[in-house]
Amino acid sequence: MSSRTHSPPRVAVLADSDTRWKWGALTAHRLAPGGRLDGFLLRGRATPTVRQLAEVGARADALTEVTGAEFVRTADRSRYDVIVLSCVGGAVQAMVHGLARSWAGQRRRPAVVTGYVGVVYEKLADGLLLRHGADVVLANSRHDAERFRAVYHGVGASADSVVECALPFLGGDRYAPAPPGEVQSRPYTVVFAAQPSVPDTRAARTYLLKRAVRHARLHPEREVLIKLRSKPGEHTTHIEELPYQKLAAKLPDPLPDNCRLVYGHMGDVLDRTDLLVTVSSTAALESLHRAIPTAVLTDLGVRETLGNHHFLGSGCLASWDQLDAGHLPEPEPRWTARQGVAAEGSYERAFDSARERVADLVAAPELPPLAPYYTPLTAPGYLPGILARHGLDPTGDPLPHTAEPREAGPLRRATRNAMRDAARGAYRHGVQRVAPVIRRMGQL
């Protein structure tokens, strides 16, 4: 084993949305506790606002908005020991190629880490092959680690990068309902965790909203919270074409007094949750981790397009009719164990292997060049387009006079203003030192 450095690694996290910033920043803190963390927000459609950053609540020492080409020009071993790429697969692949080109000929370079922000229920092969080439590809569960290795082996690529861990944002107090015969100090609370794009039709989303409202009317002694991801005009990892706020405004009757729309950190909402209801949100894993009764809805079918097929065998599948009648799903322990959910207390050890792997890479006197599966030889009709979308030519070099991604004027201004506010300290959930946010990394 390599000798270890004594100081905590310096980490850079590149993220392209609010949820990916959450995963990347919290993963960085798990892998390099106590180290400096610089956050880079990839300029584009889903660049998070200051409200979204605050809701995530992940600490960073600096925040900068960048293009992919700017990040590639600046992220090297003189600044960072570890790079966490917390982006959509195409952006990860582009950054792997761009960084490989930038670091060509260097004996020592940063270790590159990537992974998924939640449940992997679609585009498994595509997403994984776009992440191949990183030194570490984190799998959030034993189930995912086995699938990831199978995909890499299936194309004849190395699977040595796959390391099993868990979702970095699981935690919080274990659910403790009032003992039998005692009255709970607060109303019994049912939380419907909405998703931006699942389901994706007006009829289906209106149906789910109406069922949550109906549950509130059937149980006036309960509080029903509809937990929303974003406010109208904000963007998330997935595009929300039909916000529940707008659908609620078009209902024939106002929401009952015991039913309301809420925002906020999911952990804070789970602190007062007695039953979590969703279609397929990662919030279900957070809830199960805390032993909160959790229902994955079957009302619209169990279908790959909804993602609830991921929960087959979990014991959590249920309909609103069953919940209205008082049913509480009971999770299957073997399923939750394979999904990295550890309600019984083994969670903190889940990151030991990943932390050890990263420490070895950082301490190594030399690392081999990054070697992604996709190259101009293996994917000549696919790779160049991915690189071009992120401002890189087919060799991985930044394109001259790279154009910025197109955005509507109001969104551009909202993003700029949000980053300005973050720099002034509005990031209230624990950023210790936020450096001035600038538009060009060359000014650092």
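This is a guided tour of the structure above, moving from the whole protein to single strands and then to some of its aromatic rings.

**The whole protein**

Before selecting anything, keep in mind that the model you are looking at is predicted. With the whole protein displayed, you can look for its 15 helices and 13 strands. Of the 444 residues in the protein, 56% are buried, and the surface that remains exposed comes to about 19,100 Å², with carbon and sulfur atoms supplying 53% of it. If you count the contacts in the protein that have a separation of 6 or more, 75% of them are between residues 24 or more positions apart.

**Strand 5 and its surroundings**

Now select residues 111–115, which make up strand 5, and ask whether this strand is enclosed or open. Five of its five residues are buried, so strand 5 is largely enclosed by the rest of the structure. In a regular strand the side chains alternate between the two faces of the sheet. If you colour the two sides separately, you will find A111, V113 and G115 on one side and V112 and T114 on the other, and all of them are buried, so that both faces are covered.

Next add residues 82–86, which form strand 4, and see how this strand pairs with strand 5 in the parallel sense over four bridges. Two positions help you to line the strands up: I83 stands opposite V112, and V84 stands opposite V113. Strand 4 is itself mostly covered, since five of its five residues are buried. V82, V84 and S86 lie on one side of strand 4 and I83 and L85 on the other, and both of these faces are covered.

To see what is paired with strand 4 besides strand 5, select residues 11–15, which are strand 1; this strand and strand 4 are parallel and are joined over five bridges. Here A15 is the residue that stands opposite S86.

Then show helix 4, residues 89–102, together with strands 4 and 5, because these three elements make a right-handed β-α-β unit. Continuing along the chain, select residues 136–139, which are strand 6, and note that strand 5 pairs with strand 6 in the parallel sense over three bridges, with V113 standing opposite V136. The path from strand 5 to strand 6 passes through helix 5, residues 124–131, and this β-α-β crossover is right-handed as well.

**A sheet of six strands**

Move on to an open sheet of six strands, in which the order is 10-9-8-11-12-13 and the pairing is parallel. Which strands stand at the edges of this sheet? They are strand 10 (259–262) and strand 13 (317–318), each of which has a single partner strand, so one side of each is left without a neighbour in the sheet. Within the sheet, strand 8 runs parallel to strand 11, residues 275–278, and four bridges join the two. Select V191 and L276 to see one pair of bridge partners between these strands.

**Aromatic rings**

For the last part of the tour, show the side chains of the aromatic residues; eight aromatic pairs are found in the whole structure. A pair of aromatic rings is described by the distance of the centres and the angle of the planes. Begin with F192 and Y244, an edge-to-face pair with 6.0 Å from centre to centre and 85° between the planes. F192 lies in strand 8 (residues 189–193) and Y244 in helix 8 (residues 244–249), so this pair ties together parts that are 52 residues apart in sequence. Both F192 and Y244 are buried.

Another edge-to-face pair is formed by Y374 and Y382, with 5.5 Å from centre to centre and 90° between the planes. Y374 is buried, with a relative accessible area of 11%, whereas Y382 is partly exposed, with a relative accessible area of 33%. You can also select F40, F71 and Y80 together, since they form one aromatic cluster.

Finish with two places where a charge sits over a ring. The charged end of K22 is found over the ring of F169, 4.4 Å from its centre, and the charged end of R131 is found over the ring of Y116, 3.9 Å from its centre.

Definitions and conventions
Residues numbered from 1 in each chain as written. Predicted model: local features only at pLDDT ≥ 70, side-chain atom pairs only at ≥ 80, totals over all residues. Heavy atoms only, no water. Buried < 20%, exposed > 50% of the residue type's maximum accessible area, 1.4 Å probe, protein only. Pairing = 2+ DSSP bridges. Right-handed = clockwise from strand over helix to strand, strands pointing away. Phe/Tyr/Trp six-rings, centres within 6.5 Å; stacked < 30°, edge-to-face > 60°. Lys NZ or Arg CZ within 6 Å of the ring centre and 35° of its normal. Contact = heavy atoms within 4.5 Å. Areas by Shrake-Rupley, 256 points an atom, 1.4 Å probe, with all protein chains shown as cover.
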